[in-house]
Amino acid sequence: MGKGMGAVLSRKKKADDAAAPPATGEAADSAPAAPAPPAAGTEPTTPGLPAQPAPSGECAAAPEPVAEPAPEAVVAKTDDPEPKMTFDYTLKPHPTIPAPEGPLMVCILDGFGENEFKDGFNAVHVANTPTIDALRAVPKRFRTIKAHGTAVGLPSDADMGNSEVGHNALGSGQVVDQGARLVDIALESGKMFEGDGWKLISQAFPTNTVHFIGLLSDGGVHSRADQLFGCLRGAASRGAKRIRCHILTDGRDVPDGSSVKYVEQLEEVLAELRGSGCDAKIASGGGRMKVTMDRYEADWMMVKRGWDAHVLGKAPHTFTDAKTAVVTLRGPEDAIVSDQYLDAFVIVDEAGAPVGTIEDGDAVVLFNFRADRMVEMSKAFEYEEFKAFDRERHPKGLRFVGMMQYDGDLKLPANYLVPPPEILHVSGEYLVKNGIATFACSETQKFGHVTFFWNGNRSGYLDAKLEQYLEIPSDKIEFNKAPDMKAREITAASKEAILSGKYKVIRVNFANPDMVGHTGDLAATIRSVETVDACVKELLEIVDQVNGRWIVTSDHGNADDMVQRDKKGKPLLGEDGKPLPLTSHTLAAVPFFIGGRGLPDGVVLRDDVPDAGLANVAATTFNLLGYDAPAIYKSTMVEMAA
Ligand SMILES: O=C(O)[C@@H](CO)OP(=O)(O)O
Ligand SMILES: [Mn+2]
Ligand SMILES: [Mn+2]
C-alpha cells in the first residue's frame, strides 16, 4: 500500500455518495464560447515565461538586476483597473538580525525526508552524506519540519506531501486548502454540479460523448479515483448518454502493479452506469510517464502519444478491454514494464474500430486537480494555434474543462469544474516589490517547482528585471540510468550566480532524491543522494566565501524509504522473495538547516514552534535576509538568542 492510501480509500464512499440525484433540463444545445486562442507551441520552453536565451547551464545570459534600493511602500497590482484594496508589501528591518553581507541561498533537496525507518531501505540514511551529517550535528541549527497532510493543505494527515503543495507552502509562507481538498468539498457539497464548468460539459450530455482523461489511482497527488467516480456518477445521473474514460496508469504515487486493481474498480463503476442506461466505457490509456502527463515541456512527444490515443484513436496497441491491455502491456514476470511506463493503448470493438475517439461537440474533462502535468494537454485541446506537434485533427466546438484552472496567469484552461486555490502575496512578490534580486535554478523536471509552484502557480516572472530563472534541460530517460541527473550543472550555474554578486536570494532545487526515488531503484537512489550531498558541499563553500547565509531543506520525503512495509513497518517481500520497491513519496518530515559564515552566532532555531512545517520557511527566510516577516505568514523558526 502506498503511503497515505488507507485514508484515501476510506474517503471513497463519501465522494461517491455525493453524486446528486438526476436533474432535468440542464442540457442545452448551444455551442461553448470559444476560449481566446493564445499562440500555443510558439511560447518559450517554459510556459508563460518571457522569452529567454536557450538555457546554457551558465549564467551569462542573466539580465542585470538593479541594485537593491531601500524598501519602500508599494501597492499590489491587480487585474482590476480600479483596485479597491491595496496591499502593503513593505518589509521592515528586523530589530535584531542584521542584513547579510552576501546572499541567502535556499536549497531544496527534492524528496529528501528524515524518516524514522533507519534501515537499509532508507537511501538518505544509507548514503554516504558527510555534508548533511555535519549539518545535522550543529546544535540549534537543525530541526525537522512537517511536509505532508494538513500542514500543507491536504485533506488529511494520511496524505503524503508532494512538490506542488510543498513548493506552494515554501514560496507563500501560508497554508491553503489544496486541490485535493477543494475537489472533495465541491463533490460533497454538490457545488461542482452547479458551476459554470459543469454547465458547459452538460451541454454535451444528451447528444455527444463526455470524455474523462486523467491519472487513475488513489495517490492523491494529481488525482483520486474516488473523485473520478463521483464525477462519472454525477454525469450519468444528470443525463450523460455516453461516457468514455481515458486512463493513465500510475505506479508512482501507488505501488507498481496496482493499475490492474484500479482498472477493475473503474470497470465496476462503468458497469453500474451502463446498468442505469449510460453507455460508459474505457476508451484508451497508457503509463503516466509515457503518455499525456509530461510537464514543463520536458518531452512533448508524451503528450502527442496521448493525443493520438485519446483523440484520434491511434496507438501502437489495441485491445478489446482495458484490464487485458494493462496486464498484457506489463509483460511477463521476468521482464515487467512498470505501470508508469506502459505504452499507449486504444480499446476497440469487435470490428477493430476505436470505441471512443473525441469528436466535434464532445465534452472533455481532465480530471487531475494538480497543474504541472495537465498544462500541456490543456494547450493541445484549447489552443487554436498550436505548433508543439501535429494534432492531425482538432475537434471543433469541444466543451473542454479541467478539474481546476491549472495556470492562473494563462487562464488555462478557460473553463474548469472547481476554482483552484488562491495563493496570494507569495514571498517572491515581497522580494520584487522591495527591489530584492533573485536567481532561481533547477533542471527541467523541477524547474516549474522553484518558479511556477513557488510563485503560487503563476507561470511568468513576477518582475523580469529583478529575477532570473535558469532551466537546465533534463535528460529524457528513466532517471535511475543517470542518477546524477543535472545536479553538477545546477551547482555550477548556482555557484556562478552566487559569486556574481547580482542576487540577494539564490533558490536551487536538486531533483535527484525524488526523481530517482520514484524509479524504486535503491542503489541508484543512494547514489543520487550522495551526488546531491557533494553538490551541497560545493554550494555551502561558495556561500561562505561571500559571507552569505543559507537554508537547506526539502519539500517532502521519497528517497528516505524505498520499500513497501506492513503496518508494523516490516519490509514486504514479493512472491520472488525480493523486497517490494516503494516508488512513492513518504509521510516523513524533512530536514531544515540554517547556517553560513555570514550568519551571526546568536541566530538560532526557536524551540517554541515544534509543529512548524514548510509554510514556516518563508518567514524564516525574511528574517535571515534581515527583515521582519510579513504578518500574514506562518511564524518564523529563528530568533536572535539573548
Ligand atoms: O512526478 C510527479 O508528478 C510527482 C509524483 O506524482 O512528484 P513531485 O510531486 O515530486 O513532482
Ligand atoms: Mn518534490
Ligand atoms: Mn516526486
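Select S163 and D555 to begin: in this predicted model, S163 is buried, and D555 is buried as well, each having under 20% relative accessible area.

Keep both residues displayed and add the manganese ion (ligand 2), whose protein donors are D110 through OD, S163 through OG, D555 through OD and H556 through NE2, at distances of 1.9 to 2.1 Å from the ion. Along the sequence, the donor residues of this manganese ion (ligand 2) follow the spacing D-x52-S-x391-D-H. Colouring by secondary structure is useful here, because S163 belongs to helix α5 (residues 163-172) whereas D555 sits in the loop between β14 (549-553) and β15 (590-595), so that the pair ties together parts 392 residues apart in sequence.

Next, bring up the manganese ion (ligand 3), which is separated from the manganese ion (ligand 2) by 4.5 Å.

Now widen the selection to residues 104-628, the range that an unreviewed UniProt entry lists as "domain: Metalloenzyme". The C-alpha atoms at the two ends of residues 104-628 are 15 Å apart, and the span is 32% helix and 16% strand.

For the last stop, turn to the second largest pocket, which has a volume of about 990 Å³. Its lining comprises 31 residues, and those closest to the pocket centre, which make a convenient selection, are D256, R330, I336, L580 and P581. Coloured by class, the lining of this pocket shows nine nonpolar, 13 polar and nine charged residues. If you colour by domain instead, the lining of the second largest pocket takes at least three residues from each of domain 1 (107-178 + 437-640) and domain 2 (179-418).

Note on methods:
Residues are numbered from 1 along each chain as its sequence is written. Chains are lettered from A and ligands numbered from 1 in the order in which they are written. This is a predicted model: local features need pLDDT of at least 70, side-chain atom pairs count only at pLDDT 80 or more; totals for chains, interfaces and linings use all residues. Side-chain values use heavy atoms; hydrogens and water are left out. On a 1 Å grid over the protein atoms alone, a cavity is a set of points where a 1.4 Å probe fits but cannot get out, and a pocket is an open set with protein on both sides within 12 Å along at least five of seven lines; lining residues have an atom within 4 Å of a point. Grid points are joined across faces, edges and corners, and a volume is the space filled by probe spheres set on the points. Ala, Val, Leu, Ile, Met, Phe, Trp, Tyr, Cys and Pro count as nonpolar, Asp, Glu, Lys and Arg as charged, and the others, Gly among them, as polar. Domain bounds come from an automatic or database domain assignment. UniProt positions are given in the numbering used here, feature names are shortened, and annotations may be inferred rather than shown by experiment. Helices (H or I, at least four residues) and strands (E, at least two) are DSSP runs, numbered from the N terminus. Donors are N, O and S atoms within 2.8 Å of the metal (3.2 Å for Na, K and Ca); water is not among the atoms, so sites may look incomplete. Buried means under 20% relative accessible area, exposed over 50%, partly exposed in between (1.4 Å probe, protein chains only).
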